[in-house]
Amino acid sequence: MTKSVTLIQTIAFAGLFSGAAFWYGFVIGRESSRKELGDLIEDLRRGNSASSPPSH
């Protein structure tokens, strides 16, 4: 007996994978932004105006 994957199962799996990838990217991006903002706040608290501004 061979088990075939239906189109609905494929779409469901792709949706779950896409959702997980989006969530992971969101969490990593948020953590990175939090760290960058924390570093900027620390520079401002120290009065470190000589530091180079972040390039975008």
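**Exercise 1. Which residues does UniProt list as a transmembrane region, and what is the secondary structure there?**

Start with the record: the unreviewed UniProt entry lists residues 6–27 under "transmembrane region". Now turn to the model, which is a predicted one. Across residues 6–27, the span is 95% helix and 0% strand. The C-alpha atoms at its two ends sit 32 Å apart.

**Exercise 2. Work out what span helix 1 should have, and check it against the model.**

First, count elements: the protein chain has one helix and zero strands. That helix, helix 1, covers residues 7–46. Next, take 1.5 Å times one less than the number of residues. With 40 residues, helix 1 should therefore span 58 Å. Its end C-alpha atoms are 58 Å apart, so the two values agree. Just past the helix comes Gly47, with a positive phi near 70°.

**Exercise 3. Is Leu44 buried or exposed, and which patch does it belong to?**

Place Leu44 first: it's in helix 1. Its relative accessible area is 65%. Exposed means over 50%, so Leu44 counts as exposed. Then look at the company it keeps: Leu37, Leu40, Ile41 and Leu44 make a nonpolar surface patch of about 390 Å². For the spacing, recall that an α-helix has 3.6 residues a turn, so residues three or four places apart point the same way.

**Exercise 4. How much of the protein chain is buried, and what area does it expose?**

Go for the burial figure first: of the 56 residues in the protein chain, 0% are buried. Then take the surface: the chain exposes about 5600 Å², and carbon and sulfur atoms supply 66% of that.

Conventions: Residues numbered from 1 in each chain as written. Predicted model: local features only at pLDDT ≥ 70, side-chain atom pairs only at ≥ 80, totals over all residues. Heavy atoms only, no water. UniProt positions renumbered as here; feature names shortened; annotations may be inferred. Helix = DSSP H or I, 4+ residues; strand = E, 2+ residues; numbered from the N terminus. Patch = residues over 30% accessible without salt bridge, like charges linked within 9 Å, V, L, I, M, F, W, Y side chains within 5 Å. Areas by Shrake-Rupley, 256 points an atom, 1.4 Å probe, with all protein chains shown as cover. Salt bridge = Lys/Arg side-chain N within 4 Å of Asp/Glu carboxyl O. Buried < 20%, exposed > 50% of the residue type's maximum accessible area, 1.4 Å probe, protein only.
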